[in-house]
Amino acid sequence: VGWYPNVAVDDTDRVHLAWTDADVGDVLYAVSPAGAVQPGAPEAVEVEGAAGGFVRLALAPGGVPIVSYYHQGDHTLKVAHRPQDAAAMKAAGAIIDAEPPPAPPFRPGAPGWALEEIAFGDEAGAESALTVDPQGRVHLLYTTGGDRLRYARRPSDAPAFGAGGVGHWEKIDVDTVGASPQVRADLRV
């Protein structure tokens with residue numbers, strides 16, 4: 001338990017944690033009450049198969065979690081969010097489509113979590129970096145199977161979350177020479 005741990009602290013002094021229970025491959029998330037030292041009970045993000053490689057956590061407007069990870073069984077890089085957080089994101093300035101997103105085209109996450117696939121390939125998402133901008137748009141820097149470094153983001157003409165944004169990603173090759181396992185990515189927006 002505790003592989004790929006990520007920590008973020010929001011404006012209300014809550015500590016958010018995301019990690020993998022490597023014994024079963026589950027991606028988990030927990031948050032503490034404001035100002036508390038101990039996190040609350042963990043909740044599952046995805047539990048089907050060996051889900052949790054290269055877990056990353058970022059906070060969207062409103063202090064809500066966005067989690068990216070590589071599903072080792074499916075060989076896919078995914079981004080997960082909780083649709084119930086859309087109102088908090090919108091109240092904090094994120095651009096949210098009022099229509100609910102369609103059902104995920106692939107396996108859904110654990111109850112309460114929606115997933116989007118970003119990339120496919122062996123080790124897609126290795127050495128990734130994840131951030132969310134003030135409009136709620138996800139930005140992800142990642143490698144694709146060791147052959148290139150890519151940058152993905154939601155297009156500026158699409159809502160950050162909701163039906164109008166699902167499946168829409170701009171992807172840019174940053175470097176095609178090949179990634180090194182010794183390199184760590186970082187991203188600021």
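Two residues are in contact here when they have heavy atoms within 4.5 Å of each other. Keep that in mind as you look through these close-ups, which come from a predicted model.

**View 1. Valine 138 and its surroundings.**
Valine 138 belongs to strand β10. Is this residue buried or exposed? With a relative accessibility of 2%, valine 138 counts as buried, because the cut-off for that word is under 20%. Setting aside neighbours within four places in sequence, valine 138 touches Ile66, Val79, Leu130, Thr131, Val132, Ala152, Arg153, Arg154, Phe161 and Trp169. Look for alanine 60 as well: 78 residues separate it from valine 138 along the sequence, and yet their C-alpha atoms are 8.3 Å apart in space.

**View 2. The largest nonpolar core, with 24 residues.**
Which residues have the most contacts inside this core? They are Ile66, Ile118 and Val138, the last of which you met in View 1. Two or more core residues come from each of β5, β6, β7, β8 (114–120), β9 and β10. A second core of 13 residues lies apart from this one, and Val27, Val55, Tyr69 and Ala80 are among its members. As background, nonpolar side chains tend to be buried together in soluble globular proteins. Now zoom in on isoleucine 118: beyond its neighbours within four places in sequence, it is in contact with Leu77, Val79, Leu140, Tyr142, Ala152, Trp169 and Lys171.

**View 3. Aspartate 133, a buried residue without a salt bridge.**
You will find aspartate 133 in the loop that runs between β9 (129–132) and β10 (138–143). Where is the nearest side chain of opposite charge? It belongs to arginine 137, 4.9 Å away. A salt bridge needs a side-chain nitrogen of Lys or Arg within 4 Å of a carboxyl oxygen of Asp or Glu, so this pair does not count as one. What aspartate 133 does have is a polar contact of 2.9 Å, side chain to side chain, with histidine 139. Apart from neighbours within four places in sequence, aspartate 133 contacts Pro61, His139 and Val189.

**View 4. Two salt bridges involving buried residues.**
The structure contains ten salt bridges, and here are two of them. In one, the side chains of lysine 78 and aspartate 74 meet, with N and O 3.5 Å apart. Lysine 78 is buried, at 1% relative accessible area, whereas aspartate 74 is partly exposed, at 25%. In the other, aspartate 85 joins arginine 82, and their closest N and O atoms lie 2.8 Å apart. Both partners of this bridge are buried: aspartate 85 has a relative accessible area of 9% and arginine 82 has 12%.

**View 5. A salt bridge between strands β11 and β12.**
Glutamate 170 pairs with arginine 153 in a salt bridge whose closest N and O atoms are 2.5 Å apart. Because glutamate 170 is in strand β12 (residues 170–175) and arginine 153 is in strand β11 (residues 149–153), the pair ties together parts that are 17 residues apart in sequence. Glutamate 170 is partly exposed, with a relative accessible area of 28%, and arginine 153 is also partly exposed, at 31%. Elsewhere, salt bridges with shared partners link Glu43, Arg82 and Asp85 into one network.

**View 6. The hairpin of β1 and β2.**
Strand β1 (residues 3–9) pairs with strand β2 (residues 15–21) in the antiparallel sense, over five bridges. Which residue of β2 is the bridge partner of tryptophan 3? That partner is threonine 20. Five residues lie between the two strands of the hairpin, where aspartate 13 takes a positive phi near 70°.

**View 7. Phenylalanine 54 and histidine 75, each with a positive phi.**
Most residues other than glycine have a negative phi. Phenylalanine 54 is not a glycine, yet its phi is positive, at about 55°. This residue sits in strand β5 (residues 53–60) and is buried, with a relative accessible area of 11%. Histidine 75, another residue that is not a glycine, has a positive phi of about 60°. Histidine 75 lies in the loop between β6 (64–71) and β7 (76–81), where it is partly exposed, with a relative accessible area of 29%.

Terms used
Residues numbered from 1 in each chain as written. Predicted model: local features only at pLDDT ≥ 70, side-chain atom pairs only at ≥ 80, totals over all residues. Heavy atoms only, no water. Helix = DSSP H or I, 4+ residues; strand = E, 2+ residues; numbered from the N terminus. Buried < 20%, exposed > 50% of the residue type's maximum accessible area, 1.4 Å probe, protein only. Lys, Arg positive; Asp, Glu negative; His and termini not counted. Polar contact = N/O pair within 3.5 Å; in protein donor to acceptor, adjacent residues only side chain to side chain. Core = buried A, V, L, I, M, F, W, Y, C linked by side-chain atoms within 4.5 Å. Pairing = 2+ DSSP bridges.
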